[in-house]
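This briefing introduces selected annotated positions and their surroundings. Please consult the sequence and the structure while reading.

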Amino acid sequence: MPELPEIETSRRGIEPYMVGHHIVKAVVRQPKLRWPVSGQIMALENAPVISVQRRAKYLLIELPNGWIIGHLGMSGSVRILPEFIEPGKHDHVDFILSTGQVLRYTDPRRFGAWLWEEDLATSNVLKHLGPEPLSDAFSGEYLFTRSRNKKTLIKPWLMDNKLVVGVGNIYASESLFEAKILPQRPAGSLTESEAQQLAVTIKKVLQRSIEQGGTTLKDFLQADGKPGYFAQELQVYGRAGEPCKACGTLIESEKHGQRTTFFCRHCQR
């Protein structure tokens, strides 16, 4: 599943091709996605794009009278292509641009969504989200305060979008490894210094991934069609049974909250 760095990479990739230009129209070949494509999107006509933003894993395209809210689901991607390139089987939505190009949404599993909202503050998919991990609102003090008396294991706790958005399975495992914290511990066991270190590490891991183009997952492509590169530097995720790059102990894996967690029992405490 594309995570926050992949969505931010996509946002940065499509932004210069959209802002200051117009969406001439939307071509919806498959309206039945995770939720039906909003009628307002299908009725778009010559709408200027004011900005392209991101909230959690949602792409936000600002138009004069509202917002397009896009989610890539489990296997979706967006690319900027010349309009004349014929769509493939899984190319479900095109936003035709005034530049002669198209923002094309591809999704084999159809778990994504394209919704319309006049006011983001009233959006059902956005209003319950926690702070952005790269914002000042997310800090060690915030993590420590929210962790008090929490019996939930640290790993699934970090992945709760009501606590903080965008810390998905890959980046939770990687951040806990770099912060030297075992994912099996209850969140309430975090000390103030550990919470501070964890917040700093999450920011560092996510920012590094964004700068390197997101993780190289088989289902993810950047807007220009190139894969990301962060997976080349993953320390624990997907490496069960391989030696830890720091100490040589074999990386282990366990299921936490129906998601596989990877860790080094020697390096993490």
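Strands, labelled E, are DSSP runs of at least two residues, numbered from the N terminus. Asp107 belongs to the loop that links strand E8 (101–106) to strand E9 (113–117). The model is a predicted one. The points below cover the positions that an unreviewed UniProt entry lists as "active site" and "binding site", together with the surroundings of Asp107.

**Positions recorded as "active site"**

- The unreviewed UniProt entry gives Pro2, Glu3, Lys57 and Arg259 under "active site".
- Pro2 is located in the segment that precedes helix H1 (4–18).
- Pro2 counts as buried because its relative accessible area is 4%, and buried means under 20%.
- Beyond residues up to four places away in sequence, Pro2 touches Ile7, Lys57, Leu72, Gly73, Met74, Ser75 and Gly76; Lys57, one of these, is itself listed under "active site".
- Lys57 sits in the loop between strand E3 (51–55) and strand E4 (58–63), and with a relative accessibility of 16% Lys57 is buried.

**Asp107 and its surroundings**

- Asp107 is buried but forms no salt bridge. Arg109, the nearest side chain of opposite charge, is 6.6 Å away, so the pair does not meet the 4 Å limit for a salt bridge.
- The side chain of Asp107 makes a polar contact of 2.4 Å with the side chain of Tyr105.
- A polar atom of the Asp107 side chain also lies 3.2 Å from the backbone nitrogen of Arg109.
- Apart from neighbours within four places in sequence, Asp107 contacts Leu72, Ser75, Gly76, His90, His92 and Gly112. Among them, Leu72, Ser75 and Gly76 are also touched by Pro2.

**Positions recorded as "binding site"**

- The feature "binding site" is placed by the unreviewed UniProt entry at His90, Arg109 and Lys150. These positions span 61 residues of sequence and are also spread in space, with up to 42.4 Å between C-alpha atoms.
- His90 is part of the loop between strand E6 (77–82) and strand E7 (91–97), and His90 is partly exposed at 29% relative accessibility.
- Outside its neighbours within four places in sequence, His90 is in contact with Tyr105, Thr106, Asp107 and Pro108.
- Lys150 occupies the loop between helix H3 (140–147) and helix H4 (154–158). With a relative accessible area of 38%, Lys150 is partly exposed.
- Not counting residues up to four places away in sequence, Lys150 touches Trp157, Pro186, Ala187 and Gly188.

Methods
Residues are numbered from 1 along each chain as its sequence is written. This is a predicted model: local features need pLDDT of at least 70, side-chain atom pairs count only at pLDDT 80 or more; totals for chains, interfaces and linings use all residues. Side-chain values use heavy atoms; hydrogens and water are left out. UniProt positions are given in the numbering used here, feature names are shortened, and annotations may be inferred rather than shown by experiment. Helices (H or I, at least four residues) and strands (E, at least two) are DSSP runs, numbered from the N terminus. Buried means under 20% relative accessible area, exposed over 50%, partly exposed in between (1.4 Å probe, protein chains only). Contact means heavy atoms within 4.5 Å. Lys and Arg count as positive and Asp and Glu as negative; His and the chain ends are not counted. A polar contact is a pair of N or O atoms within 3.5 Å; within protein, one must be able to donate a hydrogen and the other to accept it, and residues adjacent in sequence count only if both atoms are side-chain atoms.
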